[in-house]
Amino acid sequence: MLSNNQFVRVFVLDFSKAFDSIRHNLFLRKLSSLSIPDEIYNWIVHFFSERGHCTRIGNDRSDIAEITASIVQGSSLGPASYVVSAADMQPGHAGNAIIKYADDTYLIIPAVNSHTCTEELQRIQSWADDNNLRLNAAKSREIIFQAHSARKRGMQLPSPCLGIEQVSQITALGVVVNDRMTASDHVTELLSSCTKLLYALRVLRAHGMPQQSLMDVFRATVESKLQYAAPAWSGLCTAGDRARLNAFLRRCVKLGYRECTAPPVEDIFAACDEQLFSKISRNSLHILQQFLPERPSLSYSLRPRPHNKTLITKTSQLNDRDFIIRSIYKDSY
């Protein structure tokens, strides 16, 4: 969107107690419209039927009250059930998008459609009312991403919509995203979290944990944090961000928590990219396959590529900061 717009508005929407508020009858009605086997539908109906709740204090117990809402957060069916319930929440204008992951909802509106923000939010509010949900404007946030040319000109940004606070950074599924589209804030949060884990490692060492076991714990905790969602944010790292991460890893080597031959952060990021791209290539049903169309068959002979996907035209907004761009251009020439 930023390739064709001066800015893009992203609303991070919060539904109060979303998992607890979905009514069973509404959910099952939506589920019945899906093309699923009858025995699976009947099994899910049975799962949500005859659920009850009571309160016990000492020897006193209340009557059992029937539960007619809640999709049992923490159960295997919980997230999928919410996805089915929220499937009919769609944008009302072409060019706008709603991105959903379980109960995390993001409304994305480009500059050309900025005038539709109020209408789109009211549409979502109406959907929430119909589905026994409450859109919490006080906890919802808006972040505005500007194109590089607009940021250089100091373009005036639109005012807040329906009282939703505008912020300079958000946390999306554990990744800190700022309005400058850099990973600096995420790296700061990451280093702070990893430094706290080093204290736990010192405690384990003080209690006599062997050196090899300390390294195993380091890989399972600290390195796993560095690798979490790395394809999404590693491309947004500046040279300074990578230098900070490598300095932290060198410190861990000196403390004896990491092998001297362990790779630098650049190699860790490259391995994460390769692993994810390999999973996408092998799985025709992967959600990211839509961004990797097959290239047409060619009658002439070219040097073989590591993949058969169509190359995407680079833009100043994407380049190698985007995981898809980095992966399909790797070793392509």
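1. Salt bridges overall. In this predicted model, a search of the whole structure turns up 9 salt bridges. Side chains of opposite charge can pair when their charged atoms come close. Three of the bridges are taken up below, starting with Arg9 and Glu142.

2. Arg9 and Glu142. These two residues form a salt bridge, with 2.5 Å between the closest N and O atoms. The pair links distant parts of the chain. Arg9 sits in strand S1, residues 7–13. Glu142 sits in strand S8, residues 141–146. The two are 133 residues apart.

3. Burial of that pair. Are Arg9 and Glu142 buried or exposed? Arg9 has a relative accessible area of 4%, so it counts as buried. Glu142 has a relative accessible area of 0%, so it is buried too. The cut-off for buried is under 20%.

4. Asp216 and Arg219. Here the closest N and O atoms of the salt bridge are 2.2 Å apart. Both residues belong to helix H8, residues 211–227. They are separated by about one helical turn because they are 3 residues apart in that helix. Asp216 is partly exposed, at 34% relative accessible area. Arg219 is partly exposed as well, at 32%.

5. Glu259 and Arg219. Arg219 also forms a salt bridge with Glu259, the closest N and O atoms being 2.6 Å apart. Glu259 is in the loop between helix H10 (239–254) and helix H11 (265–282), while Arg219 is in helix H8, so this pair ties together parts that are 40 residues apart in sequence. At 26% relative accessibility, Glu259 counts as partly exposed. Taken together, Asp216, Arg219 and Glu259 are linked in a network of salt bridges.

6. Aromatic pairs. The same kind of whole-structure search finds 6 aromatic pairs. One of them joins Phe27 and Phe48. Its geometry is edge-to-face, with 5.3 Å centre to centre and 65° between the planes. Phe27 lies in helix H2 (residues 24–32) and Phe48 in helix H3 (residues 38–48). The pair links distant parts of the chain, 21 residues apart. Phe27 and Phe48 are both buried.

7. Trp43 and Phe47. This aromatic pair is stacked. The ring centres are 6.2 Å apart, and the planes make an angle of 25°. Trp43 and Phe47 are 4 residues apart in helix H3, which means about one helical turn separates them. How accessible are Trp43 and Phe47? Trp43 counts as exposed, because its relative accessibility is 51% and the exposed class begins over 50%. Phe47 counts as partly exposed, at 25%. Ring pairs link Phe27, Trp43, Phe47 and Phe48 into a cluster.

8. Ser81. Which residues does Ser81 touch, leaving aside its neighbours within four places in sequence? Its contacts are Phe27, Phe48 and Ile71. Phe27 and Phe48 are the edge-to-face pair of point 6. Ser81 itself lies in helix H4, residues 78–85. It is buried, with a relative accessible area of 3%.

9. Ala111. This residue is in the loop between strand S7 (104–110) and helix H5 (117–130). It counts as partly exposed, at 22% relative accessibility. Where the buried class requires under 20%, Ala111 therefore falls outside it. Ala111 and Val8 are 103 residues apart in sequence, yet their C-alpha atoms are 5.5 Å apart in space. With neighbours within four places in sequence left aside, Ala111 is in contact with Asn5, Gln6 and Phe7.

10. The largest pocket. Its volume is about 2,500 Å³. The lining consists of 47 residues. Which of these lie nearest the centre of the pocket? They are Ile99, Ala232, Leu288, Phe291 and Asp322. By class, the lining has 34 nonpolar residues, 9 polar and 4 charged.

How values were computed. Residues are numbered from 1 along each chain as its sequence is written. This is a predicted model: local features need pLDDT of at least 70, side-chain atom pairs count only at pLDDT 80 or more; totals for chains, interfaces and linings use all residues. Side-chain values use heavy atoms; hydrogens and water are left out. On a 1 Å grid over the protein atoms alone, a cavity is a set of points where a 1.4 Å probe fits but cannot get out, and a pocket is an open set with protein on both sides within 12 Å along at least five of seven lines; lining residues have an atom within 4 Å of a point. Grid points are joined across faces, edges and corners, and a volume is the space filled by probe spheres set on the points. Ala, Val, Leu, Ile, Met, Phe, Trp, Tyr, Cys and Pro count as nonpolar, Asp, Glu, Lys and Arg as charged, and the others, Gly among them, as polar. Buried means under 20% relative accessible area, exposed over 50%, partly exposed in between (1.4 Å probe, protein chains only). Contact means heavy atoms within 4.5 Å. A salt bridge is a side-chain nitrogen of Lys or Arg within 4 Å of a carboxyl oxygen of Asp or Glu. Rings of Phe, Tyr and Trp (its six-membered ring) pair if their centres lie within 6.5 Å; planes under 30 degrees apart count as stacked, over 60 as edge-to-face and the rest as tilted.
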